[in-house]
Amino acid sequence: MGYKSLNIAIIEYDIAWADKMANFNIVGEAMAKMPQDTDLVILPEMFSTGFITESREKAASLAERNTQSTINWLQEVAAAHNVAITGSFLAHTASQLYNRAFFIEPNGDDTFYDKRHLFRMGGETEIYNRGVTFAPVVRFRGWNIKLVVCYDLRFPAWCRNNFNKNAYDLLAVVANWPRARQHPWHTLLAARAIENLSYVCGANRSGIDPYKVDYSSGSSALYDFKGMPCSTKPIAFGGGNVYSYALDRQVLDNFREKFPAWMDADITSLSL
């Protein structure tokens, strides 16, 4: 087969609270700085508003359908830069509110996933509705990419690689994971990489939100299929940093062939 690297850019920044245009500008500035050969841009959870949990009314005032300004803007910039973009945004379907992940391709194709595991300790269960579908795997430029959101990372069965000859090659975790829980964040990212024989990318935010929750700058990371952190030199921009990586498919496939632990995995089934 012809092997191709997947060049990804994580954009980590202090999300402007409830200000979509400000966050569009931040992301746009970062994308202008990222390497020109980037294939996939990964944004934090609730990239355009912040993690709103003060009231359902506040969240509802910011929520959008899949056909409104946030997704329209993402489609425009994905096409302009010839990249796919993933992250999550504050969405509604009828009267239901969701923390909705997206995967927007440069040709306009889109995939959505509503966060399944809501962070009850932060009040998310009081504001949002739980997703009712499994986390999707998207095929893009020869790579299979699975989408999960923040707290989903704590649940290994939800992130499992399906034991179907490695159904995904990259697990993209978009998050608002606080400084106080950085050890679990990095431990879980590495564990998911090891057990699923996959690259795992964690895209986090930085800064301090209005609820006084502190997020660590530099906590976004990529782990390889051995659970080792991949190094990169951040590219600074006005609102934060861009972390770029080249994922090597041939090295991944060679390791899976040499160490096929997936062939001995326990077969389990998930129910919604």
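A strand here is a DSSP run of E with at least two residues, and strands are numbered from the N terminus. Keep that handy, and remember that you're working with a predicted model.

**Exercise 1. Place Gln-96 in the fold and work out what surrounds it.**

*Step 1: find the element.* Gln-96 sits in strand β4, which covers residues 96-104.

*Step 2: buried, exposed or in between?* The relative accessible area of Gln-96 is 29%. Buried needs under 20% and exposed needs over 50%, so Gln-96 is partly exposed.

*Step 3: list the partners.* Skipping neighbours within four places in sequence, Gln-96 contacts Arg-56, Ala-91 and Asn-129. Its side chain also makes a polar contact of 3.3 Å with the side chain of Ser-95.

*Step 4: check a distance.* Asp-114 is 18 residues from Gln-96 along the chain, and their C-alpha atoms are 11 Å apart.

**Exercise 2. Describe the nonpolar cores, using Leu-40 as your way in.**

*Step 1: start with the general idea.* In soluble globular proteins, nonpolar side chains tend to be buried together.

*Step 2: look at the largest core.* The largest nonpolar core has 48 residues. Ile-8, Leu-40, Ile-145, Leu-170 and Leu-247 have the most contacts inside it.

*Step 3: zoom in on Leu-40.* Leave out neighbours within four places in sequence, and Leu-40 touches Leu-6, Asn-7, Ile-8, Ala-9, Ala-84, Ile-85, Thr-86, Phe-103, Ile-145 and Leu-170.

*Step 4: don't stop there.* A second, separate core has 26 residues, including Tyr-13, Phe-24, Phe-47 and Leu-74.

**Exercise 3. Decide how helices α1 and α3 are arranged.**

*Step 1: get the geometry.* Helix α1 (residues 20-33) packs with helix α3 (residues 69-81) at an angle of about 10°, and their axes are 12 Å apart.

*Step 2: name the arrangement.* Angles under 35 degrees count as roughly parallel, so α1 and α3 are roughly parallel to each other.

*Step 3: see who meets whom.* On the α1 side you'll find Lys-20, Phe-24, Val-27, Gly-28, Met-31 and Ala-32. On the α3 side they meet Ser-69, Thr-70, Trp-73, Val-77 and His-81.

*Step 4: sort these residues.* The contact of α1 with α3 splits into six nonpolar residues, four polar and one charged.

**Exercise 4. Glu-124 and Tyr-128: are they buried or exposed, and what do their side chains reach?**

*Step 1: place them.* Glu-124 is in helix α4 (residues 124-127), while Tyr-128 is in the loop between α4 and β6 (137-140).

*Step 2: judge the accessibility.* Glu-124 counts as buried because its relative accessibility is 0%. Tyr-128, at 4%, counts as buried too.

*Step 3: follow the side chains.* A polar atom of the Glu-124 side chain lies 2.7 Å from the backbone nitrogen of Phe-119. For Tyr-128, a polar side-chain atom is 2.7 Å from the backbone oxygen of Ile-52.

*Step 4: add the wider contacts.* Beyond four places in sequence, Glu-124 touches residues including Glu-45, Phe-51, Lys-115 and His-117. Counted the same way, Tyr-128 has partners that include Met-46, Arg-56, Leu-90 and Tyr-98.

**Exercise 5. Trace the surroundings of Ser-220.**

*Step 1: locate it.* Ser-220 belongs to the loop between β11 and β12 (221-223).

*Step 2: judge the accessibility.* With a relative accessible area of 6%, Ser-220 is buried.

*Step 3: find the polar contacts.* The side chains of Ser-220 and Glu-12 are joined by a polar contact of 2.8 Å. The Ser-220 side chain also reaches the backbone nitrogen of Asn-204, at 2.8 Å.

*Step 4: fill in the rest.* Other contacts of Ser-220, beyond four places in sequence, include Ile-10, Gly-202, Ala-203 and Tyr-243.

**Exercise 6. Contrast two non-glycine residues with positive phi, Cys-150 and Lys-212.**

*Step 1: read the angles.* Cys-150 has a positive phi of about 45° without being a glycine. Lys-212, also not a glycine, has a positive phi near 70°.

*Step 2: place both.* Cys-150 lies in the loop between β7 (143-149) and α5 (156-159), and Lys-212 in the loop between β10 (207-208) and β11 (214-215).

*Step 3: make the contrast.* Cys-150 is buried, with 8% relative accessibility, whereas Lys-212 is exposed, with a relative accessible area of 70%.

Notes. Residues are numbered from 1 along each chain as its sequence is written. This is a predicted model: local features need pLDDT of at least 70, side-chain atom pairs count only at pLDDT 80 or more; totals for chains, interfaces and linings use all residues. Side-chain values use heavy atoms; hydrogens and water are left out. A nonpolar core is a set of buried Ala, Val, Leu, Ile, Met, Phe, Trp, Tyr and Cys residues joined through side-chain atoms within 4.5 Å. Buried means under 20% relative accessible area, exposed over 50%, partly exposed in between (1.4 Å probe, protein chains only). Contact means heavy atoms within 4.5 Å. Helices (H or I, at least four residues) and strands (E, at least two) are DSSP runs, numbered from the N terminus. A polar contact is a pair of N or O atoms within 3.5 Å; within protein, one must be able to donate a hydrogen and the other to accept it, and residues adjacent in sequence count only if both atoms are side-chain atoms. Axes are lines fitted to C-alpha atoms, for helices over the stretch in contact, and angles run from 0 to 180 degrees between N-to-C directions. Angles under 35 degrees count as roughly parallel, over 145 as roughly antiparallel, 65 to 115 as roughly perpendicular and the rest as oblique. Ala, Val, Leu, Ile, Met, Phe, Trp, Tyr, Cys and Pro count as nonpolar, Asp, Glu, Lys and Arg as charged, and the others, Gly among them, as polar.
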